[in-house]
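The following paragraphs lead the reader through one protein structure. The sequence and the coordinates should be kept in view while reading.

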Amino acid sequence: MRLIEKVWFKNHQARYWLVPLLMPLTGLFYLISLIRRIGFRTGLLSTFKIDKPVIIVGNISVGGNGKTPIVIHLVEMLKTLGMKPGVISRGYGGNAESYPYLLNGKSTTQQAGDEPILIYQRCNVPVVVGANRVANAQMLIANECNIIISDDGLQHYKLQRDLELVIIDAKRLFGNGLLMPAGPLREGLWRLKQADLVIYNGIMPSVVHPTGKKNVLMSLMGNQLINIKTGEHLLISEFLKQWSTVNAAAGIGEPQRFFDTLQSLGFNLKQQIGFIDHKDFKPDDFSIIKTDSPLLMTEKDAVKCNNFAQKNWWYLPVSAVFSEQDEKVILNSIKTVIDNKS
């Protein structure tokens, strides 16, 4: 974990000098954000309304909060309703020749970023990446999608939206509660009151920030491991009979969450290595692992290791799981949006 993240989320002692040092920049960030919001609110900055429903899945803080599993869950839910969903994303870390870029079977993480590739492979729906989310959405409509899901983009106000889902890591919550860069927040807690649904990833905290709308709880669950090199599927219960001691690596917003998940599933972690989010892996990154035990990683990390994975490298695919009541809340919210747009 980087020092700044330790300051944001772990109350590291460096906060005593680093936060005061960064507060002038936080003040500037707040001022620019405020002027930008006022510009969109008053019409000085233009917004675009797409003629198909737009669902935003985002957060108010930096780092991974569980947006991608929610996007995948929504895609599958919309398919059951007979819709033709498509996904737009910034494509963090990607470098395609031109944008907007429509993913295909030959697309790589170097072109599109890790999360869009993961979503494309899991969902088999059109996925478009690029900084201009309006252009991204228009390309999806041209490809016969009739509902748009935006992976992130809560602060991309140029694209009008019909439904906002804000995802919160229930363990880390809002860190020190400060705006960037002194804190991890892109927007203040006031922003939660404007969201249609606030989804807590993990255990619901004892104190829930009032949103004025609805809070739901999500868990991430997986019951099998998939071999990166061969594609073999193996139930975790069967895997544990062969290998209970494993190595683990994660390049996500909060690597410890993945390590804790593996331990809760019954694995003994011999070595665990955390990388920065969206790490562009190279074979040498894993040279620190000195044992022959299997290496387990997240699905998001695995899509970047296909070309050099070893035979004992596996990934854990996870899915978003909701209670029956919370599932109905999400489903009814989506149906309302579809009906209103019809």
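**Strand pairing and the central sheet**

Leu165 has Leu197 in S7 as its bridge partner. The model is a predicted one, and this residue pair offers a point of entry into its sheet. Strand S6 (residues 163–169) and S7 run parallel and are joined by five bridges. On to the next pairing: S7 is also joined by five bridges to strand S8 (residues 214–221), again in a parallel arrangement. Within that pairing, Val198 stands opposite Asn215 of S8.

How are the strands ordered in the sheet as a whole? The sheet is open, its pairing is mixed, and its nine strands follow the order S3-S4-S2-S5-S1-S6-S7-S8-S15. Strand S3 (101–102) and strand S15 (319–321) each have a single partner strand and stand at the edges, so one side of each lacks a neighbour in the sheet. Elsewhere in this order, S1 and strand S5 (residues 147–151) run parallel and are connected by four bridges. There, Val57 has Asp151 in S5 as its bridge partner.

The surroundings of S7 deserve a closer look. Strand S7 (residues 197–201) is mostly covered, five of its five residues being buried. In a regular strand, side chains alternate between the two faces of the sheet. In S7, Leu197, Ile199 and Asn201 point one way, whereas Val198 and Tyr200 point the other way, and all are buried.

**Helices and nonpolar cores**

Two helices lie across parts of the sheet. Helix H5 (residues 114–123) lies across strand S2 (85–89), strand S4 (127–129), S5 and S15, and runs at about 170 degrees to S4. Helix H6 (residues 133–142) lies across S2, S3, S4 and S5, and runs at about 155 degrees to S2.

In soluble globular proteins, nonpolar side chains tend to be buried together. In the present model, the largest nonpolar core has 39 residues, among which Ile70, Leu74 and Ile334 touch the most other members. Helix H3 supplies the largest share of this core, seven residues. Beyond its neighbours within four places in sequence, Ile334 is in contact with Ile55, Leu74, Met77, Leu78, Leu81 and Leu163. A second, separate core consists of 23 residues, including Ile88, Cys145, Leu159 and Val198. Val198 thus links this account to S7, where Val198 is one of the buried residues.

**A buried polar residue**

Not every buried side chain is nonpolar. Asn65 is located in the loop between strand S1 (54–58) and helix H3 (67–80). Is Asn65 buried or exposed? With a relative accessibility of 4%, Asn65 is classed as buried, because the limit for that class is under 20%. The side chain of Asn65 makes a polar contact of 3.2 Å with the side chain of Ser61. When residues up to four places away in sequence are set aside, Asn65 touches Asn59, Ile167, Ile168, Asp169, Arg172 and Asn201. Of these, Asn201 also appears among the buried residues of S7.

**Salt bridges**

The salt bridges in the model number 20. One of them joins the side chains of Glu164 and Arg161 at an N to O distance of 2.7 Å, and both Glu164 and Arg161 are buried. Another is formed by Asp280 and Lys282 at 3.1 Å, N to O. Asp280 is partly exposed, with a relative accessibility of 37%, and Lys282 is partly exposed as well, at 43%. Arg161, Glu164, Glu187 and Arg191 are joined into one network by salt bridges that share partners.

A further salt bridge lies in a helix. Lys241 pairs with Glu238, the closest N and O atoms lying 3.3 Å apart. Lys241 and Glu238 are three residues apart in helix H7 (residues 236–242), so about one helical turn separates them. Lys241 is exposed, with a relative accessible area of 65%, whereas Glu238 is partly exposed, at 35%.

Helix H7 also contains Leu240, which is partly exposed with a relative accessible area of 23%. Apart from its neighbours within four places in sequence, Leu240 is in contact with Leu265, Gly266 and Phe267. The C-alpha atoms of Leu240 and Asn268 are separated by 9.9 Å, with the two residues 28 apart along the chain.

Definitions and conventions
Residues are numbered from 1 along each chain as its sequence is written. This is a predicted model: local features need pLDDT of at least 70, side-chain atom pairs count only at pLDDT 80 or more; totals for chains, interfaces and linings use all residues. Side-chain values use heavy atoms; hydrogens and water are left out. Helices (H or I, at least four residues) and strands (E, at least two) are DSSP runs, numbered from the N terminus. Buried means under 20% relative accessible area, exposed over 50%, partly exposed in between (1.4 Å probe, protein chains only). A polar contact is a pair of N or O atoms within 3.5 Å; within protein, one must be able to donate a hydrogen and the other to accept it, and residues adjacent in sequence count only if both atoms are side-chain atoms. Contact means heavy atoms within 4.5 Å. A salt bridge is a side-chain nitrogen of Lys or Arg within 4 Å of a carboxyl oxygen of Asp or Glu. A nonpolar core is a set of buried Ala, Val, Leu, Ile, Met, Phe, Trp, Tyr and Cys residues joined through side-chain atoms within 4.5 Å. Two strands pair if DSSP finds at least two bridges between them. Axes are lines fitted to C-alpha atoms, for helices over the stretch in contact, and angles run from 0 to 180 degrees between N-to-C directions.
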